[in-house]
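Please look over the structure below together with this briefing, which goes through it topic by topic.

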Amino acid sequence: MIQEPVKVKEAPVELRTGNFEEVIRGYTQEEAIAESTRCLQCKNPVCISACPVNIDIKKFIYYIRQKDYAQAYFTIRQKNNFPSICGRVCPAEYQCRKACVLTKKDAVFASPEAINIHFLERFVGDYGKNNHLDVPVEKEEKFSRFKVAVVGSGPAGLCCAGELARKGVRVDIFESLHKTGGVLRYGIPPFRLPWDVLDFEIDYLKRLGVNFFPNFLVGKTATLTQLFDRGYSSIFLGLGAGVPGFLKIKGENLCNIYSVNEFLTRINLMSAYKFPEFHTPVNIGRNVLIVGGGNSAMDAARVALRLQKINGLPLNTTVIYRRTETEMPARRLEIEHAKEEGVKFGFLVQPKEFIGDDQGALGKLVCLRSELGAPDNSGRRRPVIIPGSEFELDCDLCVIAVGLSANQVLINATPQLKINQDRDLIVNPQTMETSIPGVYAGGDIVGGEGTIIEAMGMAKAAARAMIDSFIKQV
Ligand SMILES: Cc1cc2nc3c(=O)[nH]c(=O)nc-3n(C[C@H](O)[C@H](O)[C@H](O)COP(=O)(O)OP(=O)(O)OC[C@H]3O[C@@H](n4cnc5c(N)ncnc54)[C@H](O)[C@@H]3O)c2cc1C
């Protein structure tokens, strides 16, 4: 008989909304061993191919069972540069856990019985971090004559830099913001991904010799041609998707309507929740509406709720989404946590028009009800508006989280870069090389809004292709 899954400890709900401390506490050694013994060690471990970077999941779980946590750590790190990050934020329920043989056939996402691969990965990643286990490097002298410029310090850029630096290539990372990490820093709140976890990985890259240049907007501060003129052999573009989508409805310019990027950046990057100790303020609503159903919508909702709690207001934050919970792209855990914490949900609801008060600030949102029709291109059932279903919601703060698209500054400055109809970069899917020889790309700038591990998968492919091209030159 298969044992029950080992539950992970979490901060009590009544405490967690009053601060930005990490919610999931992670497995203890005993819990990790107990969970690892549930793994069937399948002959054909399908979980491995379901991981975008093909971590040897079967092997690292085997090592946990043997209490050889260092070997488990090295096993993961052979394929994944950031286990403590991915163990916290990977949508495992759509990836490795969904493929786990303990998931029910035809399930849309992983069954609860599936091995908690992500919690085990986090346990191992944190073990390595807390015990200062450095990954063995395979630096080769022959690569030291090559210098690569990485543009963007999100997971794609950081991963590409790590892969190259471990081989002995010299790497400089250029980042437009004043802090590094991309969405890991400015988008995902610290109650999901604490900054010390991210800083540990960035420090590791620094120890490998990677240089960081913040406040450097490639396309403005320097062009790609100017970077090549500085002696870089190749360039990697990990620009991400940071351009917010809007609803394009009446009243959207009223005060107190934020794009999700601005809202989360104010809170996470600029510490607005500690205003006036930090200089950037943020508005705190009494009736907050979040529009959207993805990870960024869940993050915005949980942040808005915390702001209400910290400021002594009644908790009143509602997510409205035009489909149903099943179609929501957010991680299941994020949806569960949001519900537990008190976020309310309005499904099959579409915004129609914002209405302001006499001060020009947001007062109400007029909405329409929808029902699900035939599937659209995404495979999800299309929301169809029900005629005459209008209703109003009180709302003094709204965050719009309806999709993000590719960052355009560098693309606009570099007409030789080929783009598709969504203005994402077109690359050779094997090598990740763009239309400019020697310029590679990966992450959300290529695939559109995706996941952290997918961005890392592309970055690894680009790093491999760069190394291959260097080998031909030595
Ligand atoms: C709020 C939010 C929550 C999310 N939650 C999850 C989650 O839980 N799990 C998950 O797997 N995925 C999640 N995602 C998606 C995931 O974060 C992205 O897929 C991933 O960050 C993409 O990595 P990237 O390196 O391509 O881009 P980014 O992380 O966006 O990093 C790009 C970096 O490039 C910099 N940059 C852009 N242009 C230039 C330029 N011209 N010069 C210099 N620097 C430049 C940007 O400032 C940024 O720092 C979330 C996304 C958001 C927005």
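The points that follow cover two sheets, the helices that lie on them, and one loop residue.

This is a predicted model. One open sheet has five strands in the order β5-β4-β3-β6-β18 with parallel pairing, and another open sheet, also of five strands and with parallel pairing, has the order β8-β16-β9-β10-β11.

**The sheet containing β3**

- In the sheet ordered β5-β4-β3-β6-β18, the edges are taken by β5 (211-213) and β18 (439-441), and because each of these has a single partner strand, one side of each is left without a neighbour in the sheet.
- From one strand to the next, the twist of this sheet averages 20°.
- Strand β3 (147-151) is mostly covered, since four of its five residues count as buried.
- β3 pairs in the parallel sense with β4 over five bridges, and V150 stands opposite I173 in β4.
- Between β3 and β4 the chain passes through α9, and the resulting β-α-β crossover is right-handed.
- With β6 (234-237), β3 again pairs in the parallel sense, here over four bridges, and the bridge partner of V150 in β6 is F236.
- Strand β4 (residues 170-174) is joined to β5 by three bridges, the two strands running parallel, and F174 has F213 as its bridge partner in β5.

**Helices α9 and α18**

- Helix α18 (residues 452-473) lies across β3, β6 and β18, and its direction runs at about 155° to that of β18.
- Helix α9 (residues 155-167) packs with α18 at an angle of about 35°, the axes being 8 Å apart, and the crossing of the two helices is right-handed.
- On the α9 side, the contact is made by P155, A156, C159, C160, E163, L164 and K167, while the residues they meet in α18 include I452, A455, M456, M458, A459 and K460, with A462, A463, M466 and I467 also among them.
- Sorted by type, the residues of this contact between α9 and α18 comprise 14 nonpolar and three charged ones, with no polar residue.

**The sheet containing β9**

- In the sheet ordered β8-β16-β9-β10-β11, the edge strands are β8 (257-259) and β11 (344-347), each of which pairs on one side only.
- Neighbouring strands of this sheet are turned against each other by 20° on average, with direction ignored.
- Strand β10 (residues 317-321) pairs with β11 in the parallel sense over four bridges, and within this pairing V319 has F345 of β11 as its bridge partner.
- Helix α13 (residues 260-269) lies across β8 and β16 (397-400), running at about 85° to β8.
- Helix α14 also packs on the sheet, where it touches β9, β10 and β16, and its direction makes about 165° with that of β10.

**The loop residue G292**

- G292 is found in the loop between β9 (288-291) and α14 (295-310).
- G292 counts as buried because 25 C-beta neighbours lie inside 10 Å, the cut-off for burial being 20 or more.
- Once its neighbours within four places in sequence are left aside, the residues in contact with G292 are A297, Y321, A401 and V402.
- A462, one of the α18 residues that meet α9, is 170 residues from G292 in sequence and 32 Å from it in space, C-alpha to C-alpha.

Methods:
Residues are numbered from 1 along each chain as its sequence is written. This is a predicted model: local features need pLDDT of at least 70, side-chain atom pairs count only at pLDDT 80 or more; totals for chains, interfaces and linings use all residues. Two strands pair if DSSP finds at least two bridges between them. Axes are lines fitted to C-alpha atoms, for helices over the stretch in contact, and angles run from 0 to 180 degrees between N-to-C directions. Two residues are in contact if their C-beta atoms, placed from the backbone, lie within 7 Å. A crossing is left-handed if the near helix is turned anticlockwise from the far one by less than a right angle, and right-handed if clockwise. Ala, Val, Leu, Ile, Met, Phe, Trp, Tyr, Cys and Pro count as nonpolar, Asp, Glu, Lys and Arg as charged, and the others, Gly among them, as polar. A residue is buried if 20 or more other C-beta atoms lie within 10 Å of its own, exposed if 12 or fewer, and partly exposed in between; C-beta atoms are placed from the backbone. A crossover is right-handed if, with the strands pointing away from the viewer, the path from the first strand over the helix to the second runs clockwise.
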